[in-house]
Amino acid sequence: MKTLREIKNNELYYNGFNLKELAKKYGTPLKITFLDIIKEHITSLKADFDKAKKELNYKGNFIYLNANKANYGKEEIEEAFEHADGLETSSYYDLLLSFKMFKNHPEFKNKYLVPNGYKPKEYLDEIIKINNLGYNIINIIDSVNEYEYLKSSNTTLNVGLRIHIKSLYHEEDDVIENDRFGLNEEEIEYILNDLKNTSLKLTTIHFHQRGFDFEKDKFEENFNKVFKYYVKAKAVYKSVVNFDIGGGMPLPINEGFDYYEFAKYIFKTIENVCDRYNVEVPNIISENGKFSQKDSTVNIYKVVGIKNTDKYPWNIVDGSLLIALPEMYALGEPILVMPINDIGKDEYKARLAGITCDCDDVYYIKEKGYINLPKSDELYIGLIGTGSYQNSMNGKGGVHHCLLPEEKDLLIYYEDDKYKERVRHNLQTIDDIYKLIDFK
């Protein structure tokens, strides 16, 4: 996987582009999306798994699905769809969007379509409808009610079972369990015993390896909890051929992670267990949107003023950090915040603040109480890796805190052997906002 960040002449280059020059050319606040990064992330990961498969003579395949929910930008999701092996959906409306994409791209009809999440009746009815049209669906069953509904439909449908595992978060002295998804042991046993009485075809055992970055110990713990169900299901139903590890692919937050070695680790871990129980190894499915989308986007803001009200000077930017980084503020998502010009010049301890009226619209390293910023007469700040979830969590195209305008949205893509730049949306105007709130 190529290195995206480079510093040349005290300025930050991203994907080969000088970010300060783009900020000067288009103005700030500015959001930039590089479509070729989405392609590169997907194709590079698949190549690493293919290489590991050949070296180890692993008999299963690696199947990469793009999780739509990470980014619903039209160009972003189509780019991922082209290079991934299929799409994973999380809701009824997500499935409708995915089906529309399949219809718009009939050349991809045989790619996988994997519905996930809790499913009301309308979601299940749409799954059955699309399945009956001949699309390659694997429906991941999340509840016994869902199973009973599909069973009563008498539909011949490929299904998977999502295994419930505890998702534990430590907040000071409290341990919080907050993963409601999947089937417990009693429910799994019931379905495995009952499936033979249905027209459903079990192909997949699924669990979700949640996390912002790869934690080997956590993966091994979850893997050992869940893989026993693959072994058990495979012994009864030869149709079981997939093991779906959900969205836990390590993120390239820290450049240099070795995905080839990670692929070998996955394959070896599974081979060892399968050899022990004398079962065939499965295909490995990975459902990722954050992996493909996160690094494709950066936000750029200009420091428009400095206030010395506290110990460390506040650098005020021409946008809102709170609006731009909802996942970081809500969930602790690591996103790189750094200057993009005058890097390496004399530094001082400072803090960043958005231009809203909110005291929480700030950024600094909490352990230190500050960040280091270069002394500069014209400083620009980059938020690196905002391509996943930020748009949907902060309300793309909506009305934002203090009526701050949404950033100018720049798309950079590779076409006809050269990079092209296109502004998808200009900086939001007050008239745009009036229309949204029906203010006349």
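I take helices here as DSSP runs of H or I with at least four residues, numbered from the N terminus. With that settled, I note that the model I am reading is a predicted one.

Entry on helix α2. I looked first at the residue that comes just after α2, and found that Asn-57 takes a positive phi of about 55 degrees. I then checked the length of the helix itself: α2 covers residues 35-56, and at 1.5 Å a residue its 22 residues should span 32 Å, which agrees with the 32 Å between its end C-alpha atoms.

Entry on aromatic pairs. I describe a pair of aromatic rings by the distance of the centres and the angle of the planes. Counting ring pairs with centres within 6.5 Å, I arrive at 28 aromatic pairs. I looked up Phe-102 and Tyr-135, whose ring centres are 5.8 Å apart with the planes at 85 degrees, so I class the pair as edge-to-face, the cut-off for that class being over 60 degrees. Phe-102 belongs to helix α4 (residues 92-104) while Tyr-135 sits in the loop between α5 (121-132) and β8 (136-141), so this pair ties together parts that are 33 residues apart in sequence. I find both Phe-102 and Tyr-135 buried.

I turned next to Phe-223 and Phe-243, which also form an edge-to-face pair, with 5.8 Å from centre to centre and 90 degrees between the planes. This pair links distant parts of the chain, since Phe-223 is in helix α8 (residues 216-236) and Phe-243 in strand β13 (residues 242-244), 20 residues apart. Phe-223 and Phe-243 are buried as well.

I also traced a cluster linked by ring pairs, made up of Phe-49, Tyr-58, Phe-62, Tyr-64, Phe-257, Tyr-259, Phe-262, Tyr-265, Phe-267 and Phe-291.

Entry on charges over rings. I came back to Tyr-135 here, as the charged end of Lys-109 sits over its ring at 4.8 Å from the centre. For Tyr-260, I find Lys-51 lying over the face, 4.4 Å from the ring centre.

Entry on cavities. Rolling a probe the size of a water molecule over the atoms shows where empty space is left. My search of the whole structure gave 3 cavities of 30 Å³ or more, and the largest cavity holds about 110 Å³ of space. I count 15 residues in the lining of the largest cavity, with Ile-323, His-400, Pro-405, Glu-406 and Glu-407 nearest its centre. By residue class, this lining divides into 5 nonpolar, 5 polar and 5 charged.

How values were computed. Residues are numbered from 1 along each chain as its sequence is written. This is a predicted model: local features need pLDDT of at least 70, side-chain atom pairs count only at pLDDT 80 or more; totals for chains, interfaces and linings use all residues. Side-chain values use heavy atoms; hydrogens and water are left out. Rings of Phe, Tyr and Trp (its six-membered ring) pair if their centres lie within 6.5 Å; planes under 30 degrees apart count as stacked, over 60 as edge-to-face and the rest as tilted. Helices (H or I, at least four residues) and strands (E, at least two) are DSSP runs, numbered from the N terminus. Buried means under 20% relative accessible area, exposed over 50%, partly exposed in between (1.4 Å probe, protein chains only). A charge sits over a ring if NZ of Lys or CZ of Arg is within 6 Å of the ring centre and within 35 degrees of the ring normal. On a 1 Å grid over the protein atoms alone, a cavity is a set of points where a 1.4 Å probe fits but cannot get out, and a pocket is an open set with protein on both sides within 12 Å along at least five of seven lines; lining residues have an atom within 4 Å of a point. Grid points are joined across faces, edges and corners, and a volume is the space filled by probe spheres set on the points. Ala, Val, Leu, Ile, Met, Phe, Trp, Tyr, Cys and Pro count as nonpolar, Asp, Glu, Lys and Arg as charged, and the others, Gly among them, as polar. The expected span of a helix is 1.5 Å times one less than its number of residues.
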